[in-house]
Amino acid sequence: MEPLIDTVDIVLPLEKSEDDNARRQAAAIKLGVSLDRIGEVKLRKHSIDARQRAVKVQLRLDVALDGSLPADKKPLWSPPPLSAGASVVVIVGCGPAGMFAALRCLENGQKPILLERGKDASARRFDLAPLLREGRVIEESNYCFGEGGAGTFSDGKLYTRATKRGPVAEIYRVLVAHGAPEEILTDAHPHIGSNLLPNVVKAIRQSIINAGGEVRFQTKVIDLLLTGNKIFGVVTVSGEEILANSVILATGHSARDIYRLLAAKKILLESKPFAVGFRIEHPQPFIDRTQYHLNFGQERPRLLPAARYRLATKIRGRGVHSFCMCPGGWVVPASTENDEVVVNGMSLSRRDSPFANSGMVATVEPEDVQNLVKEHGVLAGLIFQKELERSAKKAGGGGQVAPAQRVTDFIDSKISTTLPDTSYFPGTKSAPLHELLPQWITSRMREGLRLFGRQMHGYISEDALLLGFETRTSSPVRIPRREDTLEHPEIRGLFPCGEGAGYAGGIVSAAMDGLRIADAVTAVSNRQS
């Protein structure tokens with residue numbers, strides 16, 4: 001007789017959440033059966049509920065009554081053989097959007113040629129040393145450019161709210177098939193870590209190559225090959241022309257030269273909202289104490305991860321919110337040129353840094369940068385970002401030293417006489433961040449921070465540090481696409497994709513957009529053949 005299989009949701013106290021007997025007993029009660037009928041139990045989802053003083057753990061279990069569960073199939077990625085005459089798709093950008101687009105192209109029988117301006121993940125890691133130790137940016141190989149995109153060395157958070165836009169679980173399975181920890185299949189807020197992601201990225205690259213695709217590094221695209229309103233390839237910095245049936249543009253939000261190229265060619269672009277602000281850094285024990293209701297000096301229980309938070313409000317029609325929160329992480333330099341300072345956050349899989357950091361940003365609408373439109377047109381938001389980044393460079397005094405200010409001093413419009421310890425390796429210099437930002441952002445940030453201080457008692461303190469500036473939250477430009485074919489509305493065969501095109505925000509949503517665009521490329525190709 002086949003065992004009956006059911007799925008149950010249970011809640012256990014933290015201290016019992018890893019106890020198999022406690023899980024089985026709770027499952028028996030939930031199903032209304034005796035304990036001896038509970039056969040095999042497998043975890044399907046794990047999440048922490050810290051809303052009350054007593055932390056609970058919510059578990060989703062598959063349960064077999066009077067027997068065993070079927071064995072789980074190990075996630076694998078195995079495309080069909082690529083035919084000799086497969087149509088060629090050039091993919092510009094080797095971030096999650098580009099890499100997952102390449103995987104899907106191979107699944108659909110098309111040959112991807114993946115072009116990346118930066119270096120492979122192994123070589124790229126060495127190029128971070130001069131950035132951190134000398135303050136010198138290698139402009140084609142840094143925290144933003146290179147294999148895997150900005151996410152490779154920037155934490156690897158996989159949580160997304162974009163579940164309606166695509167198959168999140170499929171993204172996770174592909175990552176596990178390429179070496180990501182299996183826990184991402186069950187954690188409610190999965191995270192890989194910047195120490196593990198490079199190997200996952202390299203494994204995906206090898207799968208693309210093994211299946212018949214190409215991946216070329218240090219191959220910057222500087223021009224598009226157009227005949228009328230049809231694209232037929234790209235030109236690289238070496239002068240090589242690479243021909244293709246379709247071109248997927250998955251260049252990420254920091255490839256500003258691509259926006260300038262499209263604008264110079266009079267190819268339609270659109271302004272879109274974005275956000276700018278700081279990195280805000282606290283001691284991680286404070287975040288743990290606040291989020292997990294611990295007593296002062298009490299250590300975080302072993303079964304709890306470094307605590308995170310999310311804060312958001314709207315002030316006079318503009319959002320003020322936390323962004324890309326990194327518990328147990330580091331603030332890192334995310335500059336892509338030597339005349340700027342940009343900060344971002346990252347963490348390792350262990351999340352064991354003594355600091356927690358998060359973006360703390362305010363929304364910028366296109367009308368907020370109207371003063372720049374006359375001279376710069378649709379690129380006004382990009383210029384606004386760049387001006388802030390240059391002001392941060394000047395205020396920092398050189399290299400990648402970041403201008404910084406205690407939160408309390410920012411609120412009181414005072415220059416900090418001293419600064420607290422920080423995870424930011426290139427160092428900080430006291431600066432009046434309240435004067436470097438436009439007044440309409442500073443005023444909203446102050447109100448937002450005061451509100452967040454009331455919501456999280458102690459969030460505003462002498463130990464809280466602001467570092468300038470967080471400007472690369474998203475692209476200020478959207479590369480539009482048609483609703484039916486997902487091609488650019490003016491250029492047939494050109495498919496804008498991912499964060500840089502304005503259609504994603506994070507690793508998973510970018511990967512999902514890559515799958516969607518690759519399917520669109522196939523659909524258009526099939527209609528034309």
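In this predicted model, the second largest cavity holds about 30 Å³ of space. Its lining is made up of W77, F100, L103, R104, E107, E170, V174 and L515. Two elements, α2 and α5 (168-177), each give two or more residues to this lining, and α2 gives the most, with four residues. Sorted by class, the residues around the second largest cavity are five nonpolar, no polar and three charged.

The search for enclosed spaces yields two cavities of 30 Å³ or more. The largest cavity has a volume of about 110 Å³. Around the largest cavity stand P96, M99, F100, G148, G151, T152, L175, L197, V201, I204 and I507. Here α2 (96-107) and α6 (197-210) each supply at least two lining residues. The class make-up of this lining is eight nonpolar, three polar and no charged residues. One residue, F100, appears in the linings of both cavities.

Attention now turns from the cavities to an open space. The second largest pocket contains about 230 Å³ of space. It is lined by 13 residues, of which L132, Y143, V332, M346 and L348 are the closest to its centre. Both α4 (128-133) and β15 (330-333) contribute at least two residues to the lining of this pocket, and the largest share, three residues, comes from β15. By class, the pocket lining comprises 10 nonpolar, two polar and one charged residues.

The charged side chains form a further layer of the description. Side chains of opposite charge can pair when their charged atoms come close. Across the whole structure, 37 salt bridges are found. One of them joins K42 to D72, with 3.7 Å between the closest N and O atoms. Because K42 belongs to strand β2 (residues 38-49) and D72 to the loop between β3 (56-65) and β4 (88-92), this pair ties together parts that are 30 residues apart in sequence. The two partners differ in their surroundings: K42 is buried, its relative accessible area being 14%, whereas D72 is partly exposed at 47% relative accessibility. The assignment of K42 follows from the cut-off, because buried means under 20% relative accessible area.

A second pair consists of K265 and D223, whose closest N and O atoms are 3.0 Å apart. K265 is located in the loop between α7 (256-264) and β11 (270-271), and D223 in strand β7 (residues 221-227), so this salt bridge ties together parts that are 42 residues apart in sequence. Both partners count as partly exposed, K265 at 31% relative accessibility and D223 at 27%.

A third salt bridge links R350 and D352, with the closest N and O atoms 2.9 Å apart. R350 counts as exposed at 54% relative accessibility, while D352, at 44%, counts as partly exposed. These two assignments fall on either side of a cut-off, because exposed means over 50% relative accessible area.

Salt bridges also join into a wider arrangement. R256, E337, D339, E340, K386, E389, R390 and R472 are linked in a network of such contacts.

Key. Residues numbered from 1 in each chain as written. Predicted model: local features only at pLDDT ≥ 70, side-chain atom pairs only at ≥ 80, totals over all residues. Heavy atoms only, no water. 1 Å grid on protein atoms, 1.4 Å probe; cavity = no way out; pocket = protein on both sides within 12 Å on 5 of 7 lines; lining within 4 Å. Points joined across faces, edges and corners; volume = space filled by probe spheres on them. Nonpolar A, V, L, I, M, F, W, Y, C, P; charged D, E, K, R; others polar. Salt bridge = Lys/Arg side-chain N within 4 Å of Asp/Glu carboxyl O. Buried < 20%, exposed > 50% of the residue type's maximum accessible area, 1.4 Å probe, protein only.
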